[in-house]
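User: Please take a close look at a single part of this model and describe the surroundings of one residue, then set that residue beside others treated in the same way.

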Amino acid sequence: MTIAVSVLLVAAPPYADLGVTGLPAGTTSLRVSRVTASGTEASRARGTIAGSTGRVVDYDAPVGRPVAWQIDALSASGGLLESATTAQYTLTAPAEGKAWIMDPMSPRSAMLVDVLVGHDAKRDYLARVAPAERLGMSLPRALTSPRQAPTRLPMWTTETIADYLAMEQLLASGQVLSLRASPTTIKHRTGVLHVACPAVHALEYQPADFVDWSAEGFEAAGVALPPVVVLWTCADLKAMGGTNANLKSRYVGRAYLDLARGQ
């Protein structure tokens, strides 16, 4: 069989929904990689497989820049059975000066926010450096570590009390923050910035409702595990149809992929 991949792009919040058909016999898992101008990187997206079809949702796809997806069909032992690479697609980026911020373990948490003047303006590329002094040498040798990804200081605002409470909920898990924006709003190699934030500051203005936020942290590797709470759940299906009979009648002549995508 030959693998074919259909790509559905969703703008708000941004993600890519990949439908896979033609999987070879013996496929037990899918390995997904994103291919961008900066190279190829593994995606944490996990595929669901039913016979020769599958589905992958990439909640971390970059916005405002071309990206393709490579799908590898793997056997139970991890051997590569077949690969396919999609054409390039570009997820819609938010307007200049806006960014999507998300707890990567809960894509439902994603919020579109305005970034503040001075957002992430100063970056420190740090390395551990120490002198190694030796007898008879007037200058020491330098002992250094690899230079780390820069420290980051994202800054954004919420305008309403409802958004303030939603942001508190988003931050409550303590996970790294995932930020995505146009390449001119957030300069980043891949377009997906993950920030580990030991401290997040909220600056309130009385009696106004808006709140300014800043997150002191450092750029970190992205989360490896798939989301715990995804955008489309069985609860949503139940709310739409109420019963299995209603759902079955609603999706007559349509595939499971349509149901899973909520189409």
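Analyst: In this predicted model, Thr36 is in contact with Pro62, Pro66 and Val67, once its neighbours within four places in sequence are left aside. Thr36 belongs to strand E3, which spans residues 29–36. Its relative accessibility is 14%, and because the limit for a buried residue is under 20%, Thr36 counts as buried. The side chain of Thr36 also takes part in a polar contact of 2.9 Å, the partner being the side chain of Ser38. Thr36 therefore combines a buried position with a side-chain polar contact to Ser38 and contacts to Pro62, Pro66 and Val67 farther along the sequence than four places.

A second buried position is Met111, with a relative accessibility of 11%. Met111 lies in strand E10, made up of residues 106–115. When neighbours within four places in sequence are set aside, the residues in contact with Met111 are Ala99, Trp100, Ile101, Asp163, Ala166, Met167 and Leu170. One of these, Ala99, is twelve residues away from Met111 along the chain, and the C-alpha atoms of the two are separated by 8.2 Å.

Tyr205 offers a contrast in exposure. Tyr205 is placed in the loop that runs between strand E16 (193–204) and strand E17 (211–219). Its relative accessibility of 31% falls between the limits of 20% and 50%, so Tyr205 counts as partly exposed. Phe210 is likewise partly exposed, with a relative accessible area of 32%. Together with Leu203, Tyr205 and Phe210 form a nonpolar patch on the surface, and the accessible area of the three together is about 260 Å².

The aromatic rings give a further view of this patch. The model has five aromatic pairs. In the pair formed by Tyr205 and Phe210, the ring centres are 5.0 Å apart and the planes meet at 35°, so the pair is tilted. That angle lies between the limits of 30 degrees for stacked and 60 degrees for edge-to-face rings. Tyr205 and Phe210 are thus linked both as members of the nonpolar patch and as a tilted ring pair. Elsewhere among the aromatic residues, ring pairs link Trp156, Tyr164 and Trp213 into a cluster.

In summary, Thr36 in strand E3 is buried, as is Met111 in strand E10, whereas Tyr205 is partly exposed in the loop between strands E16 and E17.

Conventions. Residues numbered from 1 in each chain as written. Predicted model: local features only at pLDDT ≥ 70, side-chain atom pairs only at ≥ 80, totals over all residues. Heavy atoms only, no water. Helix = DSSP H or I, 4+ residues; strand = E, 2+ residues; numbered from the N terminus. Buried < 20%, exposed > 50% of the residue type's maximum accessible area, 1.4 Å probe, protein only. Polar contact = N/O pair within 3.5 Å; in protein donor to acceptor, adjacent residues only side chain to side chain. Contact = heavy atoms within 4.5 Å. Patch = residues over 30% accessible without salt bridge, like charges linked within 9 Å, V, L, I, M, F, W, Y side chains within 5 Å. Areas by Shrake-Rupley, 256 points an atom, 1.4 Å probe, with all protein chains shown as cover. Salt bridge = Lys/Arg side-chain N within 4 Å of Asp/Glu carboxyl O. Phe/Tyr/Trp six-rings, centres within 6.5 Å; stacked < 30°, edge-to-face > 60°.
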